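Student: I have a model to go through. Can we test each label against its definition?

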Number of protein chains: 2
Amino acid sequence: MNDGDGGAGSTAPRKRSDARRNERTLLDAAAAVFVTSGVEAPVRDIAARAGVGVATIYRHFPTRADLIIAVYRHQVEACAEAGPALLESSATPHAALERWVNLFVDFLVTKHGLAAVLRSDDPGFGALHAYFIDRLLPVCARLLEAAATAGEIRADVDAYELMRGVGNLCIGADNDPRYDARRLVELVIAGLRVRR
Amino acid sequence: MNDGDGGAGSTAPRKRSDARRNERTLLDAAAAVFVTSGVEAPVRDIAARAGVGVATIYRHFPTRADLIIAVYRHQVEACAEAGPALLESSATPHAALERWVNLFVDFLVTKHGLAAVLRSDDPGFGALHAYFIDRLLPVCARLLEAAATAGEIRADVDAYELMRGVGNLCIGADNDPRYDARRLVELVIAGLRVRR
DNA sequence: TATCGTTTCGGAACACGGTTCCGTTTGCTC
DNA sequence: GAGCAAACGGAACCGTGTTCCGAAACGATA
């Protein structure tokens with residue numbers, strides 16, 4: 001949470017320089033390994049890539065979830081911020097919702113194995129699940145609400161359920177040419193529409 | 001495939017009695033353990049429950065997928081056979097499709113962890129994936145085709161993609177009270193309908 | 001029923017990945 | 001430069017899947 005150099009200037013003891021350097025190195029290494037081997041790549045691989053010992057990973061990122069969060073934080077933030085922007089720039093709330101969901105799906109399917117781990121009941125990934133929910137659920141809820149208010153979609157859809165469902169649909173969407181998650185998600189979005 | 005007592009009387013050397021007994025015992029034990037601990041329960045747990053050594057499991061079921069298949073074969077068969085029956089007994093092909101998909105979903109969500117393993121890219125589960133596809137895909141395709149012919153749904157939906165999507169939606173549907181896979185699947189089915 | 005060859009068994013051993021521990025090193029402060 | 005705390009690295013530990021091999025059980029034969 002606190003990287004040691006910014007902060008509110010309160011009780012942050014500023015980390016040692018090698019610690020900060022390693023943290024950065026680890027993030028880069030993890031990002032690289034995630035691209036080639038997926039987010040479930042062995043910890044040792046990431047450590048080797050970064051040229052550090054495995055314990056250093058655990059020291060900086062107590063759970064694997066923390067590491068994944070740190071690696072993708074920027075992109076998740078961008079996705080979260082895109083919500084309101086899309087709502088403003090789109091012709092209709094439904095269009096905004098659709099575009100936002102596509103953004104989310106594109107993010108998930110390009111990160112090998114991320115969707116699979118997002119819903120994992122493994123307590124080790126609880127933090128990851130929580131982060132995504134905390135950050136994106138309100139955005140999704142806002143879009144849903146706007147579309148429902150505009151009478152474009154059913155009012156009985158729960159944002160959590162939708163996000164969870166979309167996340168699930170993205171699982172394994174890489175490495176299977178016969179399966180296109182985007183099409184299925186599109187089907188769900190179509191199912192949301194009120195029948196006229 | 002061949003349990004050693006039936007067969008075409010060709011080259012089946014009839015297995016030893018203890019082997020047959022253990023196979024049955026293992027199936028029962030696995031079924032029991034799957035109910036309480038899910039299909040990803042440790043091999044040792046299943047062996048212990050059956051009162052046999054771990055090697056005995058591997059001897060009878062070379063991969064975990066083979067064991068899972070054997071345990072659920074009856075139910076999968078029943079699901080497959082329900083397809084044509086529903087098509088005949090339902091008012092419309094679309095109704096039959098909906099009911100069949102619900103059957104499939106009910107099956108998946110009541111088997112802890114099965115959906116998660118069904119789509120797994122782990123080669124060890126390839127046989128499981130293949131079995132489900134082999135057995136159920138034609139049934140699903142038939143229902144889709146009938147509904148499409150009747151003009152009730154889009155004609156551009158691929159059966160594989162639908163099954164895969166439905167399977168994905170069922171992942172983790174147990175142990176999360178906020179997530180109801182049935183509702184999401186319903187949304188997909190609704191999305192299939194042609195807009196009038 | 002006693003013997004023997006073969007099948008099957010059981011558990012130890014191995015492989016592999018996550019996680020923790022501890023002696024050593026490094027950076028910071030004085 | 002000395003002292004101290006933070007941080008490090010890699011060995012060790014643990015749980016799980018998988019394989020190996022000596023022992024036991026089976027069933028045919030005499």
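Student: What makes the pair formed by Asn22(A) and a phosphate oxygen of DNA strand D a polar contact?
Tutor: The distance from an N or O atom in the Asn22(A) side chain to a phosphate oxygen of strand D is 2.3 Å. A polar contact is a pair of N or O atoms within 3.5 Å, so the label holds. This is a predicted model: local features need pLDDT of at least 70, side-chain atom pairs count only at pLDDT 80 or more, and totals for chains, interfaces and linings use all residues. Side-chain values use heavy atoms, without hydrogens and water, residues are numbered from 1 along each chain as written, and chains are lettered from A and ligands numbered from 1 in written order.

Student: Which polar backbone atom lies 3.0 Å from a phosphate oxygen of DNA strand D?
Tutor: One of Gly53(A).

Student: What does Arg16(B) reach on DNA strand D?
Tutor: A base nitrogen, 3.2 Å from a polar side-chain atom of Arg16(B).

Student: Which element gives the most to the surface near DNA strand D?
Tutor: α3(A), with 5 residues. Near means one heavy atom of the residue within 4 Å of the strand. Helices are DSSP runs (H or I, at least four residues), numbered from the N terminus.

Student: How do you know that chains A and B are related by a two-fold axis?
Tutor: A turn of 180° and a shift of 0.0 Å along the axis lay chain A on chain B, with an RMSD of 0.1 Å. That is the relation of a two-fold axis. The superposition is by least squares on C-alpha atoms of residues with pLDDT of at least 70 in both copies. In chain A, Gly191(A) has the C-alpha nearest the axis, 1.9 Å from it.

Definitions and conventions. Polar contact = N/O pair within 3.5 Å; in protein donor to acceptor, adjacent residues only side chain to side chain. Helix = DSSP H or I, 4+ residues; strand = E, 2+ residues; numbered from the N terminus.
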